[in-house]
Amino acid sequence: MSKLFRAVIMGPPGSGKGTISERIAHSFGLKHLSSGDFVRENISAKTEAGVLAKTYIKKGLLVPDHVMTRLLLPRLEEMTKCSWLLDGFPRTLAQAEALNSACDLDVAINLNIPLETLKERLRHRWIHPSSGRVYNMCFNPPRVQGIDDITGEPLIQQEDDRPEALVARLRHYKDVAKPVIDFYKAKGILYTYSDTETDQIWPNISTLLSTKIPTIQSDARCASTH
Ligand SMILES: Nc1ncnc2c1ncn2[C@@H]1O[C@H](COP(=O)(O)OP(=O)(O)OP(=O)(O)O)[C@@H](O)[C@H]1O
Ligand SMILES: Nc1nc2c(ncn2[C@H]2C[C@H](O)[C@@H](COP(=O)(O)OP(=O)(O)O)O2)c(=O)[nH]1
């Protein structure tokens with residue numbers, strides 16, 4: 001029988017959530033939902049939640065739980081026929097509890113990447129703001145420096161990837177992520193991966209998902225968002 005598959009991927013900024021999510025979406029046909037993309041869409045559209053979110057992001061802070069859940073949960077509720085992978089949510093215990101009330105998760109992937117690796121990666125990260133496409137000047141550079149491969153539009157460095165904002169973000173991540181990790185561990189769905197390279201972690205995640213997703217039928221497979 002067909003079963004929908006629901007997963008979250010967690011990890012500090014720069015840990016490879018977006019990169020690995022794209023690989024999962026491509027290999028397993030899950031829909032990749034990025035909380036950061038939802039936030040950016042709302043900022044661009046100047047929604048009430050977006051305007052509010054921007055003031056926190058500028059300071060390198062998380063968007064408050066009630067704003068995030070208001071943005072995200074209705075979008076998830078629309079996806080009743082779709083298997084998905086949620087990237088960047090939950091980041092706090094309150095968000096994990098809200099998500100738990102809305103749906104049952106099959107797997108929580110936790111990326112545990114050394115601090116020095118994170119700093120180095122984010123220093124070289126450039127994004128295409130309207131699509132959320134991510135480049136790294138060493139790992140996956142664009143074909144033309146500073147230019148998005150698909151649209152030809154300019155790439156930017158996000159304000160919150162700059163070193164001053166970054167240290168605060170990483171410290172804050174650690175504090176708020178611990179109870180979320182414990183929450184999923186207690187549920188028996190936590191899978192933690194530690195390495196400095198995405199290419200080392202990816203085969204292990206792929207093997208895990210191959211054992212967890214075999215019963216998903218084609219009607220439950222959804223295209224990636226990007
Ligand atoms: N679940 C969330 N809870 C609170 N704030 C969030 C959440 N998801 C995204 N945000 C806000 O939106 C910003 C952009 O999110 P996004 O995930 O793209 O970027 P990020 O923090 O650089 O994360 P990462 O580098 O881990 O992908 C975050 O810095 C944060 O302020
Ligand atoms: N050098 C190197 N860079 C990597 C690796 N995996 C991902 N990256 C790059 C891509 C991005 O520029 C940056 C952060 O990755 P990301 O997928 O955006 O992470 P996240 O912030 O969504 O968790 O690091 C990797 O394994 N090695």
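Which of the 16 residues around ligand 2 come nearest? In this predicted model, the answer is Gly 14, Lys 17, Thr 19, Arg 125 and Thr 198. Backbone atoms also get involved. A backbone N or O atom of Ser 15 sits 3.2 Å from an oxygen atom of ligand 2, Gly 16 offers a backbone N or O atom at 3.0 Å from a ligand 2 oxygen, and for Gly 18 the corresponding backbone-to-oxygen distance is 2.9 Å. Taken on its own, ligand 2 has 560 Å² of accessible area, and the protein covers 91% of that. As for where the shell comes from, α1 and β6 are the elements that give two or more residues to it.

The database record can be set beside this picture. An unreviewed UniProt entry carries a "binding site" annotation over Gly 14, Ser 15, Gly 16, Lys 17, Gly 18, Thr 19, Arg 125, Val 134, Tyr 135 and Thr 198. Of these residues, Lys 17 belongs to the lining of the largest cavity. Two members of the annotated set are worth a look in turn, starting with Gly 16. This glycine is in the loop that runs between β1 (6-10) and α1 (17-28). Gly 16 has a relative accessible area of 11%, so it counts as buried, the cut-off being under 20%. Beyond residues up to four places away in sequence, Gly 16 touches Leu 111 and Arg 121.

Lys 17 is placed in helix α1. With a relative accessibility of 10%, Lys 17 is buried too. Its contacts, again leaving out residues up to four places away in sequence, are Ile 9, Met 10, Gly 11, Pro 12, Asp 87, Gly 88 and Leu 111. Leu 111 thus turns up in the contact lists of both Gly 16 and Lys 17. The Lys 17 side chain also reaches the backbone oxygen of Gly 11, at a distance of 2.9 Å.

UniProt has another "binding site" feature, also from an unreviewed entry, at Ser 35, Arg 40, Leu 61, Leu 62, Val 63, Gly 88, Phe 89, Pro 90, Arg 91, Gln 95 and Arg 169. From this set, the lining of the largest cavity takes in Gly 88, Phe 89, Pro 90 and Arg 91. Gly 88 ties the two annotations together, as one of the residues in contact with Lys 17.

Arg 40, from the same annotation, is part of helix α2 (residues 35-44). Its relative accessibility of 26% makes Arg 40 partly exposed. Setting aside neighbours within four places in sequence, Arg 40 is in contact with Ile 127, Pro 129 and Gln 158. The rest of α2 has its share of burial: Ser 35, Gly 36, Asp 37, Phe 38, Val 39 and Asn 42 are buried. The cover over the buried residues of α2 includes β2 (31-34), α3, α4 and β3 (84-87). Just past the helix, Lys 46 adopts a positive phi of about 55°.

On the other side of the Arg 40 contact, Gln 158 sits in the loop between β6 (133-136) and α7 (163-187). Gln 158 is buried, at 13% relative accessible area. The side chains of Gln 158 and Arg 40 make a polar contact at 3.0 Å. Other than residues up to four places away in sequence, Gln 158 touches Arg 40, Arg 125 and Ile 127. Two links stand out here: Ile 127 is also a contact of Arg 40, and Arg 125 is among the residues that come nearest to ligand 2. Leu 122 is 36 residues from Gln 158 along the chain, with 9.5 Å between the two C-alpha atoms.

Leu 62, another residue in the Ser 35 to Arg 169 annotation, lies in the loop between α3 (48-58) and α4 (65-78). A relative accessibility of 27% puts Leu 62 in the partly exposed class. Not counting residues up to four places away in sequence, Leu 62 touches Tyr 56, Arg 91, Thr 92, His 172 and Val 176; of those contacts, Arg 91 is one of the cavity-lining residues. Over in helix α4 is Thr 69, a buried residue with a relative accessible area of 18%. Thr 69 is in contact with Pro 74, Phe 89 and Ala 98, leaving aside neighbours within four places in sequence. Phe 89, like Arg 91, appears in the lining of the largest cavity.

Methods: Residues are numbered from 1 along each chain as its sequence is written. Chains are lettered from A and ligands numbered from 1 in the order in which they are written. This is a predicted model: local features need pLDDT of at least 70, side-chain atom pairs count only at pLDDT 80 or more; totals for chains, interfaces and linings use all residues. Side-chain values use heavy atoms; hydrogens and water are left out. UniProt positions are given in the numbering used here, feature names are shortened, and annotations may be inferred rather than shown by experiment. On a 1 Å grid over the protein atoms alone, a cavity is a set of points where a 1.4 Å probe fits but cannot get out, and a pocket is an open set with protein on both sides within 12 Å along at least five of seven lines; lining residues have an atom within 4 Å of a point. Helices (H or I, at least four residues) and strands (E, at least two) are DSSP runs, numbered from the N terminus. Buried means under 20% relative accessible area, exposed over 50%, partly exposed in between (1.4 Å probe, protein chains only). Contact means heavy atoms within 4.5 Å. A polar contact is a pair of N or O atoms within 3.5 Å; within protein, one must be able to donate a hydrogen and the other to accept it, and residues adjacent in sequence count only if both atoms are side-chain atoms. A residue is near a molecule or strand if one of its heavy atoms lies within 4 Å of it. Accessible areas come from the Shrake-Rupley method with a 1.4 Å probe; for residues, only the protein chains shown count as cover.
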